[in-house]
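Visitor: I am new to reading protein models, and I would like a close look at a single part. Could you take one pair of oppositely charged side chains as the starting point and then lead me outward to what surrounds it?

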Amino acid sequence: MNSAEILENSIKAFKLTEKHHGNITTLERALFLGWYCNLDDPCKFCFMSTQKEKIKDPLKARRKPESILAESILMKRIGWKLEFISGGYGYKTEELNDTIEMVSYIQQAKQYLNVGIIDFENLNLNNIEGVVGAVETVNPKLHEELCPGKPLSNTKEMLKKAKDMGLKTGITIILGMGETEKDIDLLLNLIEELNLDRITFYSLNPQDETVFQGKTSVTTLEYMNWVSSVRLNFPKMKIITGTWVDKLTNIGPLVMAGSNVITKFPLFSIYGKKEGKTVENEIASTGRELYSTFSDLDVLTGEKTLKNTKYVPEKIDISEKNLELINSLSKQLDKKIESYVKTTIRKSQK
């Protein structure tokens, strides 16, 4: 497909997005539980693969509850929904249940989960909205080469089971790893086969010490082609697109191509700075209304309440044990929130 066709399709996709999803764009952020993945053969592009041999005690690579909950509080405050709760493979179902329960309670919102293949038999589904499968690439050869520890068949089986249990489902796709335009049809077929509710696209952020170190990523036009192709074929699907601080100017084009949500930022290091304001300006340039903030320091500190937000209070079930834990962490939570806010404000003034 040539550039003119991509732009024409993007205009159609933009109008289709507005028809089915309204004139709203939001910001989201994955909530990571830690930096260790126990896959014997981790994904070749992933930062966690570079840390595996360096981490002697995997438990020390996990975040403390107060850190996770403090971030959850701040995300709600600034209007960012959690894209999903995520971490490397290896989390026990019991600890996932506790974390999901506490995060959901703090946010008054059910959560998506992206932690590998899930043990549904022991997972408490009460506070889970959906499950995301880390497909990464639909090109069979690339998948076998780059994600040897995550067979696509296992992910598909998990997502089908999630659907049977009444959960919403989604996948993640990383662009810039060697896929071609021909692979778009494979993706469209997969979405139809699994009856997915949402998809997250990321542009590859080449990590040092991986096979992609020093390589370039997907171009903006190529990215737009994938996004608009999904929007035109699945008008009601939620499309999330991730970018990085060196590619902020592709946000406007991605919204034009059919994206509902923008994600994947080092939040606390650029909030309130020119990069955060650039994200807001890129979205505003498309005519969309942003239901989040990336610059308002008064909202971040809690001195002002965000007017427009996608958060709608939901009833969350929480055990006495986890409610007591949250209450016992109140002082640590306050200190952590204060630390995040002070650090963010300090960096915003540089």
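Guide: In this predicted model, E129 and K168 form a salt bridge whose closest N and O atoms are 3.2 Å apart. E129 belongs to strand β4 (residues 128-136) and K168 to strand β5, so the salt bridge ties together parts that are 39 residues apart in sequence. With a relative accessibility of 28%, E129 counts as partly exposed, and K168, at 38%, is partly exposed as well. Side chains of opposite charge can pair when their charged atoms come close.

From here one can follow either partner, and E129 leads to a pocket. The second largest pocket holds about 530 Å³ of space, and among the 23 residues that line this pocket, the closest to its centre are E28, K81, E129, K238 and K310. The elements that give two or more residues to the lining are β1 (24-32), β2 (81-86) and β3 (111-114), with β1 providing the largest share, three residues. Sorted by class, the lining of the second largest pocket consists of 11 charged, seven nonpolar and five polar residues.

The other partner, K168, lies in strand β5, and that strand leads to a closed space. Rolling a probe the size of a water molecule over the atoms shows where empty space is left. A search of the whole structure finds one cavity of 30 Å³ or more, and about 40 Å³ of space lies in the largest cavity. Strand β5, which spans residues 168-175, gives the most to the lining of this cavity, with three residues. The full list of lining residues is T137, V138, N139, I173, I174, L175, E179, D183 and W226, and by class they divide into five nonpolar, two polar and two charged residues.

Several of these names return when one turns to the nonpolar interior. In soluble globular proteins, nonpolar side chains tend to be buried together. The largest nonpolar core of this model has 79 residues, and those with the most contacts inside it are L187, I199 and F201; helix α7 gives the most to this core, with six residues. If residues up to four places away in sequence are not counted, L187 touches V138, I171, I173, I199, F201, W226 and V230, and of these V138, I173 and W226 are also among the residues that line the largest cavity. A second, separate core has 14 residues, including C43, L142, I174 and Y202, and I174 is likewise one of the residues lining the cavity.

Helix α7 also brings us back to charged pairs, for the structure holds 15 salt bridges. One of them joins E193 and K160, with the closest N and O atoms 3.3 Å apart. E193 lies in helix α7 (residues 183-194) and K160 in helix α6 (residues 152-164), so this salt bridge ties together parts that are 33 residues apart in sequence. E193 is partly exposed at 41% relative accessibility, and K160 is partly exposed at 38%.

Another salt bridge is formed by E18 and R288, where the closest N and O atoms are 3.8 Å apart. This pair links distant parts of the chain, since E18 sits in helix α1 (residues 3-21) and R288 in the loop between α11 (274-284) and β9 (289-290), 270 residues apart. The two partners of this salt bridge can be read one at a time: E18 is partly exposed, with a relative accessible area of 36%, while R288 is buried, with a relative accessible area of 6%. Salt bridges can also be joined in a network, as they are for R29, R63 and E71.

To return to the pair that began this walk, E129 and K168 are joined by a salt bridge; E129 is among the residues closest to the centre of the second largest pocket, and β5, the strand of K168, gives the most to the lining of the largest cavity.

Definitions and conventions. Residues numbered from 1 in each chain as written. Predicted model: local features only at pLDDT ≥ 70, side-chain atom pairs only at ≥ 80, totals over all residues. Heavy atoms only, no water. 1 Å grid on protein atoms, 1.4 Å probe; cavity = no way out; pocket = protein on both sides within 12 Å on 5 of 7 lines; lining within 4 Å. Points joined across faces, edges and corners; volume = space filled by probe spheres on them. Helix = DSSP H or I, 4+ residues; strand = E, 2+ residues; numbered from the N terminus. Nonpolar A, V, L, I, M, F, W, Y, C, P; charged D, E, K, R; others polar. Salt bridge = Lys/Arg side-chain N within 4 Å of Asp/Glu carboxyl O. Buried < 20%, exposed > 50% of the residue type's maximum accessible area, 1.4 Å probe, protein only. Core = buried A, V, L, I, M, F, W, Y, C linked by side-chain atoms within 4.5 Å. Contact = heavy atoms within 4.5 Å.
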